[in-house]
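Here's a walk through the fold, one piece at a time. Keep the viewer open as you read.

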Amino acid sequence: MRMTESTQARERSAARPMAVLCFLLLIVTPCAFAQSRPVIRSGPGTGDPYEELVPWRFLAKGDPLIKEPLVLYWLPATPEEVEKSPLLNSKALLQDTHRCLEFEIVLPADAAMVDKLGEKGKLPAVVLVDLQGNVVRRVEGTGGRLSLPSVERMVSDEFNARGETMYARITEAKKRLGSGDKEGAIDLYKKLWDERCLFPMAGGEAQRALKSLGVIVVEPPPQIPIDPNLAPPATTTAKPKPAGGH
């Protein structure tokens, strides 16, 4: 039986939305998968550029300690250790990157830094260092191997301890302010401000309190490295013409 023209028109109309939907899926689906991939990073790893890894960075030999509120230093016994350790893809440490924890690797060739961190002859090890460069916690290897749960627990314990200290400082700062100890309150609020990266809300409260006490603290502008290829060309000074010259 031949279809009437009205029936064929209705079927063509019904097919158009489905064709449009298929076309949109072809466009949107690859974009969605591309956006779900983690950012490609450089550094030690398994060789898979899309694997989500803890953002460890190598500390260059001779460089000073990193000036951040809390830095985790990994001191492997051999350079090869950094390519196969569970410290690379620890889920707990990966989550701690959002809590303003920095990750640095000190290779065994940097004997001076290994000694400075108190781990000479004790590699492998992992140490936590504060803003003043003091080692606040450490985990050393047993039988030449590091225990990942011990490292994760060390970091968690330090964050918990710092959270308690933060709360105690806020409470004490308010008490001192109420008792007229302005300088004591300012000192405590400054310490809270210095660790604002770890506790942003407490840092914001400290900033407002300091402002009311006549002390202005602000975030420094971000330091963006200058591309040497974008540097302006060197200017040349024209040589003076000799007297009587043309």
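## The middle of the sheet

Start with β4, which is covered on both faces: A125, V127 and V129 are buried on one side, and V126, L128 and D130 are buried on the other. That fits the general rule that side chains in a regular strand alternate between the two faces of the sheet. Counting along β4, six of its six residues are buried, so call the strand mostly covered. Bear in mind throughout that this is a predicted model.

Where does β4 sit in the strand order? The sheet is an open one of five strands, ordered β1-β3-β2-β4-β5, and its pairing is mixed. On the edges are β1 (57-58) and β5, each of which pairs on one side only. As background, strands of a sheet pair through backbone hydrogen bonds, either parallel or antiparallel.

Here are three of the pairings, with their directions and bridge counts.

| Strand pair | Direction | Bridges |
|---|---|---|
| β2 and β3 (residues 102-105) | parallel | four bridges |
| β2 and β4 | antiparallel | six bridges |
| β4 and β5 | antiparallel | five bridges |

If you want residues to click on, W74 stands opposite I105 in β3, while L75 stands opposite A125 in β4. On the β5 side, V129 has V135 as its bridge partner. The link from β4 to β5 is a hairpin with four residues between the strands, and G133 in that turn has a positive phi of about 85 degrees.

## The helix across it

Now bring in α4. This helix lies across β2, β4 and β5, and runs at about 160 degrees to β5.

Does its length add up, and what end-to-end distance should you expect from it? Helix α4 covers residues 148-178, which is 31 residues, and at 1.5 Å a residue it should span 45 Å; the end C-alpha atoms are 46 Å apart, so the two values agree. After α4 comes G180, whose phi is positive, near 90 degrees.

Which residues of α4 are buried? They are L148, V151, M154, V155, E158, F159, R162, G163, M166, I170 and A173. An α-helix has 3.6 residues a turn, so residues three or four places apart point the same way. With that in mind, try following V151, M154, V155, E158 and F159, which are among the buried residues of α4. The cover over the buried residues of α4 includes strands β2 (70-75), β4 (125-130) and β5 (135-140), along with helices α2 (91-96), α5 (182-194) and α6 (200-212).

One residue to look at on the α2 side is D96, which is found in that helix. Is D96 buried or exposed? Its relative accessibility is 10%, and the cut-off for buried is under 20%, so D96 counts as buried. Leaving aside residues up to four places away in sequence, D96 touches L101, V155 and F159. V155 and F159 are both on the list of buried α4 residues.

## Zooming out

The protein chain has six helices and five strands, and along the sequence they follow the pattern α-β-β-α-β-α-β-β-α-α-α. Of its 246 residues, 30% are buried. Among contacts between residues at least 6 apart in sequence, 61% join residues at least 24 apart. The chain exposes about 16700 Å², with carbon and sulfur atoms supplying 58% of it.

Notes
Residues numbered from 1 in each chain as written. Predicted model: local features only at pLDDT ≥ 70, side-chain atom pairs only at ≥ 80, totals over all residues. Heavy atoms only, no water. Helix = DSSP H or I, 4+ residues; strand = E, 2+ residues; numbered from the N terminus. Expected span 1.5 Å × (residues − 1). Buried < 20%, exposed > 50% of the residue type's maximum accessible area, 1.4 Å probe, protein only. Contact = heavy atoms within 4.5 Å. Pairing = 2+ DSSP bridges. Axes fitted to C-alpha atoms, helices over the stretch in contact; angles between N-to-C directions. Areas by Shrake-Rupley, 256 points an atom, 1.4 Å probe, with all protein chains shown as cover.
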